Amino acid sequence: MPKLDLEAARNLTIPDVLPEPGVDFRVLFCGINPGLYSAATGWHFARPGNRFWPALERSGFTPRRLAPSEQDLLPGYGLGITNLVPRATAQASELTDAELKAGGERLALLVNTRRPRIVAIAGVTAYRTAFGHRHAVVGPQPDPLAGAQAWVVPNPSGLNAHWTLDAITAEFAALRAAADQPPAADQPPAADQPPG
């Protein structure tokens, strides 16, 4: 890959990766915000050393390890990616609490429109700030988000060094087991589908 101008990527945004409306939408993964490497490439979780793609494969969400450049294959597995805050920074610590809270509101609107069964927010500290749940821990959350099951997974960034790939994979595997369950009978239909 050619040398990327990371500083030029500061504050850029990258598009969400989402299944088409009406398609089974199992899990919407929500990063905190794009890193500079991701913004420079246009691919989510793109920095070498990020554990998102290896954990996705090792937990069984995908049959092989996808490269970040293959992110458009995710909707075929009922998966999508978005971010709490759209603007790219070198580190998530550069974001303000107000940005994270606004991102939580934006995420709720997206979930209400696109109807994933589970929303997996990558990063417990960001989740606590965005949604005001100060004591949240990694795993399923007691309160739904716009009708979807809310779930917190570890931030897969290489900067989050106290979470190993094995530990992240175990959390992704628990999430996958929940996502593999059939939709609940009371799950609202996708936004463009009439009730069955």
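Contact here means heavy atoms within 4.5 Å. Keep that in mind for the first stop. You are looking at a predicted model, in which local features need pLDDT of at least 70 and side-chain atom pairs count only at pLDDT 80 or more, while totals for chains, interfaces and linings use all residues. Residues are numbered from 1 along each chain as its sequence is written, and side-chain values use heavy atoms, with hydrogens and water left out.

**Stop 1: Thr89**

Select Thr89, in the loop between β2 (79–83) and α3 (97–114). Helices (H or I, at least four residues) and strands (E, at least two) are DSSP runs, numbered from the N terminus. Leaving out neighbours within four places in sequence, Thr89 is in contact with Arg10, Asn33, Pro34, Gly35, Leu36, Glu94 and Leu95. Zoom in on Asn33: its side chain and that of Thr89 are joined by a polar contact of 2.8 Å. A polar contact is a pair of N or O atoms within 3.5 Å; within protein, one must be able to donate a hydrogen and the other to accept it, and residues adjacent in sequence count only if both atoms are side-chain atoms.

Is Thr89 buried or exposed? Its relative accessibility is 1%, so Thr89 counts as buried. The cut-offs are under 20% relative accessible area for buried, over 50% for exposed, and partly exposed in between (1.4 Å probe, protein chains only).

**Stop 2: strand β1**

Now select residues 27–31, which make up β1. Five of the five residues are buried, so the strand is largely enclosed by the rest of the structure. In a regular strand the side chains alternate between the two faces of the sheet. Show the side chains here: Val27, Phe29 and Gly31 point one way, Leu28 and Cys30 the other way, and all are buried.

Which strands pair with β1? Two strands pair if DSSP finds at least two bridges between them. β2 runs parallel to β1, joined by five bridges. β3 also pairs with β1 in the parallel sense, over four bridges. Val27 is a handy marker for both: its bridge partner in β2 is Leu79, and in β3 Val27 stands opposite Ile118.

**Stop 3: strand β5**

Step across β3 (residues 118–122) to β5; five bridges join the two, which run parallel. Ala120 is a good residue to click, as it stands opposite Trp151 in β5. Next pick β4 (residues 139–140), which runs antiparallel to β5 and is joined to it by two bridges. There, Gly139 stands opposite Val152.

Colour β5 itself (residues 149–153) by accessibility: four of its five residues are buried, so this strand is largely enclosed by the rest of the structure.

Carry on past β5 to Ser157, in the loop between β5 and α5 (165–179). At 18% relative accessibility, Ser157 counts as buried. Its contacts, again leaving aside neighbours within four places in sequence, are with Asn50 and Arg51.

**Stop 4: two backbone oddities**

Most residues other than glycine have a negative phi, and most peptide bonds are trans. Select Asn11, in the segment before β1. Asn11 is not a glycine, yet its phi is positive, at about 75°. With a relative accessibility of 45%, Asn11 counts as partly exposed.

Then go to Phe45, in the loop between α1 (36–41) and α2 (52–58). Phe45 also has a positive phi, near 50°. Its relative accessibility is 13%, so Phe45 counts as buried.

**Stop 5: the rings**

Stay with the rings of Phe, Tyr and Trp (its six-membered ring): two of them pair if their centres lie within 6.5 Å, with planes under 30 degrees apart counted as stacked, over 60 as edge-to-face and the rest as tilted. How many aromatic pairs does this rule give? The count comes to seven.

Start with Phe52 and Phe172, an edge-to-face pair at 6.0 Å centre to centre, with 70° between the planes. Phe52 lies in helix α2 and Phe172 in helix α5, so the pair ties together parts that are 120 residues apart in sequence. Phe52 is buried, with a relative accessible area of 1%, and Phe172 is buried, also with 1%.

Now compare Tyr127 and Phe131: the ring centres are 5.1 Å apart and the planes sit at 40°, so this pair is tilted. Both residues belong to helix α4 (residues 124–131), and being four residues apart, they are separated by about one helical turn. Tyr127 is buried, with a relative accessible area of 3%.

For a last selection, show Phe29, Phe45, Phe52, Trp53, Phe61 and Phe172 together: ring pairs link them into a cluster.
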